[in-house]
Amino acid sequence: MVSSVRRLSRLSWPRSYPLVQFPNIPLAVALVASLAGGHLDGHAHALARALFFVGFAVWAALELGEGVNRFRKALGAVALVYIVMRLGATLDTT
């Protein structure tokens, strides 16, 4: 099972300069939390939203620091800016 997950995580397109890759665990957590959050309310919705932001932030930081090429690193940077802006708007109570 573990070898199957590793093999899937190495899938990318195009092979010479990967722009698209199979989601890693932090991104998968973010995607599942986002989907679940759309069907939940109250505390469960808040928890799903928090899991989305944590998973997405971890994925973005990994891409920025360890991305396989400049595009992937830039994608991580853009995602981190997005997260900071969304959290800032959420926390702005004025």
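The dialogue below goes through the terms used for this predicted model and the values behind them.

Student: What is the order of the elements in the chain, and how many helices and strands are there?

Tutor: The chain has four helices and two strands. Read from the N terminus, the order is α-β-β-α-α-α. The C-alpha atoms fill a box of roughly 50 × 30 × 15 Å along the principal axes. Of the 94 residues, 22% are buried.

Student: Why is R7 called exposed?

Tutor: R7 has a relative accessible area of 55%. Exposed means over 50%, so R7 is placed in that class. The residue lies in helix α1, which covers residues 2-9.

Student: Why is N69 called buried?

Tutor: The relative accessible area of N69 is 8%. The cut-off for buried is under 20%, so N69 meets it. N69 is found in the loop between α3 and α4.

Student: What makes the approach of N69 to P18 a polar contact?

Tutor: A polar atom of the N69 side chain lies 2.9 Å from the backbone oxygen of P18. The limit for such a pair is 3.5 Å, so the distance falls inside it. The N69 side chain also reaches the backbone nitrogen of R72 at 2.9 Å. At the start of α4, a side-chain oxygen of N69 comes to within 3.2 Å of the backbone nitrogen of F71.

Student: Which residues does N69 touch, leaving aside its neighbours within four places in sequence?

Tutor: N69 is in contact with Y17 and P18.

Student: How do you know that the length of α4 is close to what is expected?

Tutor: Helix α4, residues 70-91, has 22 residues. From its first C-alpha to its last it reaches 31 Å, against the 32 Å expected at 1.5 Å a residue. For α2, with 13 residues, the reach is 18 Å and the expected value is 18 Å.

Student: What makes the buried residues of α4 one face of the helix?

Tutor: The buried residues of α4 are R72, G76, A79 and I83. Viewed down the axis of α4, they fall within an arc of 65°, so they line one face. They pack against β2 (20-21) and α3 (42-66). The face turned away from that buried side carries the exposed residues R70, V78, V84, M85 and A89.

Student: How do you know that α2 also has a buried face?

Tutor: In α2, the buried residues are P26, L27, A30, A33 and G37. Seen down the axis of α2, these fall within an arc of 130°, so they line one face of the helix. On the other side of α2, I25, V32 and L35 are exposed. What covers the buried residues of α2 includes α3. One of those buried residues, A30, is in contact with L51, F52, G55 and F56, leaving aside its neighbours within four places in sequence.

Student: Which residues make up the largest nonpolar core?

Tutor: That core has ten residues: L27, A30, A33, F52, F53, F56, W59, A60, A79 and I83. Helices α2, α3 and α4 each supply at least two of them. The most come from α3, which gives five. In soluble globular proteins, nonpolar side chains tend to be buried together.

Student: Why do F52 and F56 count as buried?

Tutor: F52 has a relative accessible area of 18%. F56 stands at 16%. Both values are under 20%, so both residues count as buried.

Student: How many aromatic pairs are there, and why is the pair of F52 and F53 called edge-to-face?

Tutor: A search of the whole structure finds four aromatic pairs. The ring centres of F52 and F53 are 5.2 Å apart, and their planes stand at 65°. Centres within 6.5 Å make a pair, and planes over 60 degrees apart count as edge-to-face, so F52 and F53 form an edge-to-face pair.

Student: Why is the pair of F52 and F56 called stacked?

Tutor: Their ring centres are 5.4 Å apart and their planes are at 15°. Planes under 30 degrees apart count as stacked, so this pair is stacked. F52 and F56 both lie in helix α3, four residues apart, about one turn of the helix.

Student: Which residues do the ring pairs link into a cluster?

Tutor: The cluster consists of F52, F53, F56, W59 and Y82.

How values were computed: Residues are numbered from 1 along each chain as its sequence is written. This is a predicted model: local features need pLDDT of at least 70, side-chain atom pairs count only at pLDDT 80 or more; totals for chains, interfaces and linings use all residues. Side-chain values use heavy atoms; hydrogens and water are left out. The expected span of a helix is 1.5 Å times one less than its number of residues. Buried means under 20% relative accessible area, exposed over 50%, partly exposed in between (1.4 Å probe, protein chains only). The arc is that of the directions from the helix axis to the C-beta atoms. Contact means heavy atoms within 4.5 Å. A polar contact is a pair of N or O atoms within 3.5 Å; within protein, one must be able to donate a hydrogen and the other to accept it, and residues adjacent in sequence count only if both atoms are side-chain atoms. A nonpolar core is a set of buried Ala, Val, Leu, Ile, Met, Phe, Trp, Tyr and Cys residues joined through side-chain atoms within 4.5 Å. Rings of Phe, Tyr and Trp (its six-membered ring) pair if their centres lie within 6.5 Å; planes under 30 degrees apart count as stacked, over 60 as edge-to-face and the rest as tilted.
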